[in-house]
Amino acid sequence: RAKDMGKNAYQFFAQDMNSTNTQQFSVQAALRFALEREQLYLMFQPQMNLATGQLCGMECLIRWQHPEMGAISPVEFIPIAEETGMILQIGHWVLQRACQVAQGWREQGLQVPKIAVNLSVRQFKPGILVEQVATVLAETGLPPYLLELEVTESLIMRRINEAVEIMNDLKAMGVSLAIDDFGTGYSSLSQLKYLPLDILKIDRSFVEGLPASSDDTAIAQSIVAMAKKLGLSVVAEGVETLEQMQTLRDAGCDMMQGYYYAKPLSEIEMGQFIERVSA
Ligand code: C2E
Ligand code: MG
Ligand code: MG
Ligand code: MG
């Protein structure tokens, strides 16, 4: 249902995008309105550590509850937000909200693991992003080691020099860095060593084929092996079945995220999840 709505919304907006500037403004206005009217909210998906069986992190995923169009997927509206530049305000809001929620749980006495926020390449602006992250951490009181920032491979590689500098500054602040959707971009594996990364997230498209596809199994195994040699932790995304979990575990994958463990949860549900698993 939500997916259908998202598609309609995308067509609606995509049409706007392709026509006049005036209409482009209206898309921007709709997103700005969404932000102001609190139609945007976050869901939180647990990440589990296999070795310990513990909750080791969570990823924040944005949602748009539109009054007429219903739930619109980030897959539909994030690209439009990127094109119109609204991603800067939305990205800032996500960062603030994520840190605020995590700190709120801490203040309730919960044992909060790292919280991962997705960043768009447009947010990777020299002189802006690092300051923004520092300010949000200072204002919310969340310790930097509890914040993880996810960026996609293709986005980083497009502006590698600029990105590395910003990543180094974030790293120096104590924030963790993850490369998202790994395996889907065009970067050579050797370029990874230039990035100050902590975590590599294997894209769901490779996990989907496990264990039936021997190609996907080989790809997943070699990504895990390579990541480990580079000293990175590995999170597999989109783990849905026991067999996928076992294949990844046997390949040496540290951490997993997916419907097999939990779907993205609301703030309240995530708080309860943390409470339950750390009890
Ligand atoms: P992503 O960062 O790769 O996030 C993982 C996506 O996989 C999420 O989709 C999540 O709900 C979905 N997923 C998790 N486990 C499973 C599973 O077991 N099976 C299946 N089929 N799917 C699973 P979602 O929430 O629709 O987000 C899609 C994408 O939108 C994200 O991909 C990310 O690229 C982007 N996105 C989401 N929130 C934000 C945000 O706050 N800022 C930015 N810039 N992008 C965001
Ligand atoms: Mg992500
Ligand atoms: Mg991903
Ligand atoms: Mg993905």
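Here is a short chat about a metal site, a helix and two pockets in a predicted model.

Student: What makes Asp180, Asp181 and Glu237 donors of the magnesium ion (ligand 3)?

Tutor: Their oxygens lie 1.9 to 2.6 Å from the ion, and the cut-off for a donor here is within 2.8 Å, so they count. Glu237 is listed with two OE entries. Asp180 also bridges to the magnesium ion (ligand 2), with 3.8 Å between the two ions.

Student: Which parts of the chain does the pair Asp181 and Glu237 tie together?

Tutor: Asp181 sits in strand β6 and Glu237 in the loop between β8 and α10, so the pair links parts 56 residues apart in sequence.

Student: Why is Glu237 called buried, and Asp181 partly exposed?

Tutor: Buried means under 20% relative accessible area. Glu237 has 11%, so it's buried. Asp181 has 24%, which is between 20% and 50%, so it's partly exposed.

Student: How do you know that the span of helix α4 is close to the expected one?

Tutor: The expected span is 1.5 Å times one less than the number of residues. With 21 residues, that gives α4 30 Å, and it reaches 29 Å from first C-alpha to last, so the two are close. Just past α4, Gly109 takes a positive phi of about 90°.

Student: What makes Trp93 and Val101 part of the lining of the second largest pocket?

Tutor: A lining residue has an atom within 4 Å of a pocket point, so both meet that cut-off. Both are also among the buried residues of α4. The largest share of that lining, 5 residues, comes from β1, though. This pocket is about 160 Å³, while the largest pocket is about 1,600 Å³.

How values were computed:
Residues numbered from 1 in each chain as written. Chains lettered and ligands numbered in written order. Predicted model: local features only at pLDDT ≥ 70, side-chain atom pairs only at ≥ 80, totals over all residues. Heavy atoms only, no water. Donors = N, O, S within 2.8 Å, 3.2 Å for Na, K, Ca; no water. Helix = DSSP H or I, 4+ residues; strand = E, 2+ residues; numbered from the N terminus. Buried < 20%, exposed > 50% of the residue type's maximum accessible area, 1.4 Å probe, protein only. 1 Å grid on protein atoms, 1.4 Å probe; cavity = no way out; pocket = protein on both sides within 12 Å on 5 of 7 lines; lining within 4 Å. Points joined across faces, edges and corners; volume = space filled by probe spheres on them.
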